[in-house]
Amino acid sequence: MRPHQTGPPEPTRGARPPGKLPAVAADLFEVTLPAALGTPAAARAAFTAWMAGRVSATMLADAQLLLGELVTNSVRHADAADDAVVSVRAQLRPDGLRLEIKDRGSIGPIARRLPDRRSGGGFGLDIVEVLSRRWGVNRDAGTCVWADLAFPATG
């Protein structure tokens, strides 16, 4: 098992207002959405549109799954106010992809737990562990969970 790293992620830009369209540069994607039940799907759709054609279909599927799990965890477990937002940032690099999911939550553990095969749940961070080269948490201002996926860009 790879240990995850805690500590600061690489520097990030400020969050965008809720619902603002993603910033799209050649290697950078950012979007901020209201923390709601549909947020994981909306974040995944915007991210997929940005990533399409940049990596293989298998690698895209891994990145979509990882992003979906992290955004879902943020929406479900951040214990944030009704007007809470979730910010997603992705940066495509020559050696892989960096994902950062930020929310205003500041309490509760962020740790893998035994999956509940009877009632469901507990699989998210196991998926993060398997798919990422490394991952970690920064709680300086709210919560930022970040993960690095190792794969080269295709174009």
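# Reading a fold, starting from helix α1

Guide: Welcome! Let's begin with helix α1, which has 13 residues and spans 18 Å from its first C-alpha to its last, close to the 18 Å expected at 1.5 Å a residue. Please keep in mind that this is a predicted model.

Visitor: How do I read which way a helix faces? Which residues of α1 are buried?

Guide: The general idea is that an α-helix has 3.6 residues a turn, so residues three or four places apart point the same way. In α1, the buried residues are T39, P40, A43, F47, W50 and M51. They cover an arc of only 95° around the axis, so they sit on the same side of α1. On the face turned away from that buried side you will find the exposed residues A45 and A49. Just after α1 comes G53, with a positive phi of about 85°.

Visitor: I can see some rings there. How do I read a pair of them, and how many aromatic pairs are there?

Guide: A pair of aromatic rings is described by the distance of the centres and the angle of the planes. The count here is three aromatic pairs. One of them joins F29 and F47: it is edge-to-face, with 6.0 Å centre to centre and 75° between the planes. F29 belongs to strand β2 and F47 to helix α1, so this pair ties together parts that are 18 residues apart in sequence. F29 is buried, at 0% relative accessible area, and F47 is also buried, at 0%.

Visitor: Where does W50 come in?

Guide: F47 and W50 make a tilted pair, again described by two values: 6.0 Å centre to centre and 45° between the planes. These two residues are three apart in helix α1, which means about one helical turn separates them. Both are buried. Through ring pairs, F29, F47 and W50 are linked into a cluster.

Visitor: Now let me step back. In what order do the elements of the chain run?

Guide: From the N terminus on, the order is β-β-α-α-β-β-α-β-β, with three helices and six strands in the chain. Of its 155 residues, 41% count as buried.

Visitor: Which residues have the most contacts inside the largest nonpolar core?

Guide: That core has 29 residues, and those with the most contacts inside it are F47, W50, M51, L67, V88, L97 and L99. Several elements each supply at least two residues, including β2 (28-34), α1 (39-51) and β6 (143-150). Helix α2 gives the most, with six residues. As a close-up, the contacts of L99 include F47, L67, W146 and L149.

Visitor: How should I read a residue such as L149? Is it buried or exposed?

Guide: Anything under 20% relative accessible area counts as buried, and L149 is at 2%, so it is buried. L149 lies in strand β6. Its C-alpha is 5.4 Å from that of G96, although the two are 53 residues apart along the chain. Among the residues that L149 touches are D62, G96, L131 and R133.

Visitor: And what does S74 touch?

Guide: S74, found in helix α2, touches V86, I101, K102 and D103, leaving aside residues up to four places away in sequence. S74 is buried too, with a relative accessible area of 6%.

Visitor: How much of the contact pattern joins residues at least 24 apart?

Guide: Among contacts between residues at least 6 apart in sequence, 65% join residues at least 24 apart. For the outside, the accessible surface comes to about 8,300 Å², and 56% of this belongs to carbon and sulfur atoms.

How values were computed. Residues numbered from 1 in each chain as written. Predicted model: local features only at pLDDT ≥ 70, side-chain atom pairs only at ≥ 80, totals over all residues. Heavy atoms only, no water. Core = buried A, V, L, I, M, F, W, Y, C linked by side-chain atoms within 4.5 Å. Buried < 20%, exposed > 50% of the residue type's maximum accessible area, 1.4 Å probe, protein only. Helix = DSSP H or I, 4+ residues; strand = E, 2+ residues; numbered from the N terminus. Contact = heavy atoms within 4.5 Å. Areas by Shrake-Rupley, 256 points an atom, 1.4 Å probe, with all protein chains shown as cover. Expected span 1.5 Å × (residues − 1). Arc of directions from axis to C-beta. Phe/Tyr/Trp six-rings, centres within 6.5 Å; stacked < 30°, edge-to-face > 60°.
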